[in-house]
Protein chains: 2
Amino acid sequence: MFNKKLTLHLDFHSGLPIYTQIVTQVQSQLANGILRPGDQLPTVRALAEELRVNFNTVARAYRLLDEARIISTQQGRGTYITEIPPPKVSERLRQESIEALTLRFFGEARRLGFSKGEVSQMVRDQLKLWKDTQDAEKE
Amino acid sequence: MFNKKLTLHLDFHSGLPIYTQIVTQVQSQLANGILRPGDQLPTVRALAEELRVNFNTVARAYRLLDEARIISTQQGRGTYITEIPPPKVSERLRQESIEALTLRFFGEARRLGFSKGEVSQMVRDQLKLWKDTQDAEKE
DNA sequence: ATGACAATGATACAATTAGTACAATATTTA
DNA sequence: TAAATATTGTACTAATTGTATCATTGTCAT
């Protein structure tokens, strides 16, 4: 579960970019159960040293894997194989998280003694300022 | 009222910093009435040992909660959930505090990827549920 | 040959957590 | 009560980790 060795075999003459090879091999090992959700991958520097490549190359591979939601990279912490909640569960978690967040906000506002009107006004102001970047949400 | 256990559940692979997880969980427990004004939280060292993290990580969480006026940390004494501030304190402070709270809420919501519409809906729902106890509602 | 582009490397930076020493307060003890 | 000691949070710093930006290299089409 922790700090598996992550043995990769690079072919420097294959014509395939190093970062691509890292990406596909991590994907393979995940598909084969060699790597599992929650596993911590080596740091970009550690893996880079072992593979004798620049750590930016590893970072690039990790970035791609991160964008594909296969791993989760966390600055200052490390990188981990993503836990993969089924879409149903995922949506539920999402809903729960916005609910919890809102509940916290209102709870805190009330506890600090703010009135419904004050909070309502504050929220309206902020909603006005909300720039819907790519949200396209209109109501 | 004193020295509640404060059971927190950290996820070291969630992508959220430990200190953030501590902050939000304390906020949740407060919003849900598990923690109440006046409650004493564990010392930074005690909580750190239980969670198996460095006490500075807990201290950072406590500092954030303190800045949000959710808890009051007192060197040499301990940390306590703040008593509801008398609504008389400087109107200035009051205004700043609701603004900060709201900004944090919206910032967090955006960071979690929620759309304006989703947040707006959630807020409306919560406002409906707001029972105006003896709020005085003067504006 | 040369110019364009992709891959890799070098360097500086930012975020998170940990280590160490210290200051403020509380408690114990004489 | 007063001094000593313990407890508790704070400040500063270091170490570890990923990120961003630009430079270098290498390949290939023209």
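A residue is taken to be near a molecule or strand if one of its heavy atoms lies within 4 Å of it. With that in hand, the protein surface around the DNA can be introduced. The model is predicted, so local features need pLDDT of at least 70 and side-chain atom pairs count only at pLDDT 80 or more, while totals for chains, interfaces and linings use all residues. Residues are numbered from 1 along each chain as its sequence is written, chains are lettered from A and ligands numbered from 1 in the order in which they are written, and side-chain values use heavy atoms, with hydrogens and water left out.

DNA strand D is a good place to start. Around this strand there are 24 residues, and those that come nearest are V44(A), R45(A), N56(A), V44(B) and R45(B). Of the atoms of DNA strand D that come within 4 Å of the protein, 59% belong to sugar and phosphate. Some polar contacts can be picked out here (a polar contact is a pair of N or O atoms within 3.5 Å; within protein, one must be able to donate a hydrogen and the other to accept it, and residues adjacent in sequence count only if both atoms are side-chain atoms). On the backbone of the strand, an N or O atom in the side chain of T73(A) is 3.3 Å from a phosphate oxygen. Bases are reached from chain B: the side chain of N56(B) places an N or O atom 3.0 Å from a base nitrogen of DNA strand D, and a polar side-chain atom of Q75(B) is 3.2 Å from a base nitrogen of this strand. Two or more residues of the surface near DNA strand D come from each of α2 (44-51), α3 (55-67), β2 (71-74) and β3 (78-81) of chain A, and from each of α2 (44-51), α3 (55-67), β2 (71-74) and β3 (78-81) of chain B. Here helices (H or I, at least four residues) and strands (E, at least two) are DSSP runs, numbered from the N terminus. The surface near DNA strand D holds 4 nonpolar, 16 polar and 4 charged residues, where Ala, Val, Leu, Ile, Met, Phe, Trp, Tyr, Cys and Pro count as nonpolar, Asp, Glu, Lys and Arg as charged, and the others, Gly among them, as polar.

DNA strand C is surrounded by 24 residues, of which I18(A), Q75(A), N54(B), Q75(B) and R77(B) are the closest. Sugar and phosphate make up 64% of the atoms of DNA strand C that come within 4 Å of the protein. Phosphate oxygens of this strand lie 3.5 Å from an N or O atom in the side chain of R77(A), 2.6 Å from a polar side-chain atom of Y19(B) and 2.8 Å from one of R77(B). At least two residues of this surface are supplied by each of α1 (18-31) and α3 of chain A, and by each of α1 (18-31) and α3 of chain B. By class, the surface near DNA strand C divides into 10 nonpolar, 10 polar and 4 charged residues.

Turning to the protein itself, chain A contains 5 helices and 3 strands, which run α-β-α-α-β-β-α-α from the N terminus on. Of its 139 residues, 38% count as buried (buried means under 20% relative accessible area, exposed over 50%, partly exposed in between, with a 1.4 Å probe and protein chains only). Helix α2(A) shows both conditions. V44(A), L47(A), A48(A) and L51(A) are buried in this helix; they lie on the same side of α2(A) because they cover an arc of only 105 degrees around the axis, the arc being that of the directions from the helix axis to the C-beta atoms. R45(A) and E49(A), on the other side of α2(A), are exposed. The cover over the buried residues includes α1 and α3 of chain A.

In chain B, an open sheet of 3 antiparallel strands has the order β1-β3-β2. β1 (40-41) and β2 of chain B are at the edges with a single partner strand each, so one side of each has no neighbour in the sheet. Strands β1(B) and β3(B) pair over 2 bridges (two strands pair if DSSP finds at least two bridges between them), and Q40(B) stands opposite Y80(B) in β3(B).

Finally, Q126(B) belongs to helix α5 (residues 116-129) of chain B and is buried, at 18% relative accessible area. Beyond its neighbours within four places in sequence, Q126(B) is in contact (heavy atoms within 4.5 Å) with T102(A), L103(A) and F106(A).
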